[in-house]
Amino acid sequence: ELAVEERQDDEELELVKDVTLVNKLSLGGPFEMTDCRTGKRVTDADLLTGKWTMLYFGFTRCAEICPSTMRFMQTMYETAQTTYAGKYDKDVSNMQVLFVSVDHIRDTPSDLAKFLDRYNVPSRGVVPKDRADVEGATRPWRVYISSVDETEEERAAREAKGLPAPDPTADNYQLDHSAAIYFVGPDGKLKDYFFKEIPVNQAVDRLSLHFENVYGMN
């Protein structure tokens, strides 16, 4: 009976290795923004090539989601260092966070650099110079971001309540945006994605599948 169970385990492992993932929705594409630490214009290839990247889109004045997601990515990195010590040291040491600002009105390079420096994880950050930069980066990754422009319906509803027009330049102005963490390989292609709500250990367990290229996606 034990021999049968071991054979079944081996067969299941081989089936896992034989799985080929096909992305039904192609994510990713070229974009260009300003590096928050050098002030130079950089492309997605400059930022992603050769690195295992936790790619995230947000803004520095975000009240809760962006800071808590940064803490999650920091914990992922620290847990991976411990979990994979002596096995995937090279891969883990090649990990980074790439924070892409979606706030072209308020975020400056200095703002983002200071924001990233709060977290103990290797990171790069880029800021948009205008709305076109934001659209150029978010569209290929299917990132949702709320518009700072009111629709006629929104304006009418607000005025009916006697509320003032929102001010997107104010520090407390909040943008709605999707909050996925895209895990991108050294080839610049999407491998996986995470949300901060999942247990960190589960996310870290999935990293090894990509380091080992179990699914043949690298």
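The paragraphs below describe a central set of strands, one serine, one valine and one helix in a predicted model. Residues are numbered from 1 along each chain as its sequence is written, and side-chain values use heavy atoms, with hydrogens and water left out. Because the model is predicted, local features need pLDDT of at least 70 and side-chain atom pairs count only at pLDDT 80 or more, while totals for chains, interfaces and linings use all residues.

A good place to start is strand β4 (residues 95–101). Helices (H or I, at least four residues) and strands (E, at least two) are DSSP runs, numbered from the N terminus. In β4, seven of seven residues are buried, where buried means under 20% relative accessible area, exposed over 50%, and partly exposed in between (1.4 Å probe, protein chains only). In a regular strand the side chains alternate between the two faces of the sheet. For β4, both faces are covered: M95, V97, F99 and S101 are buried on one side, and Q96, L98 and V100 are buried on the other.

Pairing comes next; two strands pair if DSSP finds at least two bridges between them. β3 and β4 run parallel and are joined by seven bridges, with W52 standing opposite M95 in β4. β4 also pairs with β5 (residues 123–127) in the parallel sense, over four bridges. Within this pairing, L98 has R124 as its bridge partner in β5, and F99 stands opposite G125. β5 pairs with strand β1 (residues 32–35) as well, in the antiparallel sense and over two bridges; here V126 in β5 is the bridge partner of D35. The chain passes from β4 through helix α5 (residues 109–116) to β5 in a right-handed β-α-β crossover, meaning that, with the strands pointing away from the viewer, the path from the first strand over the helix to the second runs clockwise. β5 is itself mostly covered, with four of its five residues buried.

S101, found in β4, deserves a closer look. Its relative accessible area is 0%, so S101 counts as buried. The side chains of S101 and D107 make a polar contact at 2.6 Å; such a contact is a pair of N or O atoms within 3.5 Å, and within protein one must be able to donate a hydrogen and the other to accept it, with residues adjacent in sequence counting only if both atoms are side-chain atoms. Not counting residues up to four places away in sequence, S101 touches M33, G58, D107, V126, V127 and P128, contact being heavy atoms within 4.5 Å.

V184 lies in strand β6 and is likewise buried, at 0% relative accessibility. V184 and L98 are 86 residues apart in sequence and 10.0 Å apart in space, C-alpha to C-alpha. Leaving aside neighbours within four places in sequence, the contacts of V184 include L48, W52, W141 and L190.

Finally, helix α8 (residues 200–211) has 12 residues and an expected span of 16 Å, taken as 1.5 Å times one less than its number of residues. Its end C-alpha atoms are 17 Å apart, which agrees. The buried residues of α8 are V200, A203, V204, L207, S208, H210 and F211. Seen down the helix axis, they fall within an arc of 160° and so line one face of α8; the arc is that of the directions from the helix axis to the C-beta atoms. Among the elements covering these buried residues are α3 (65–83), β4 and β6 (181–184). Just after α8, N213 takes a positive phi of about 55°.
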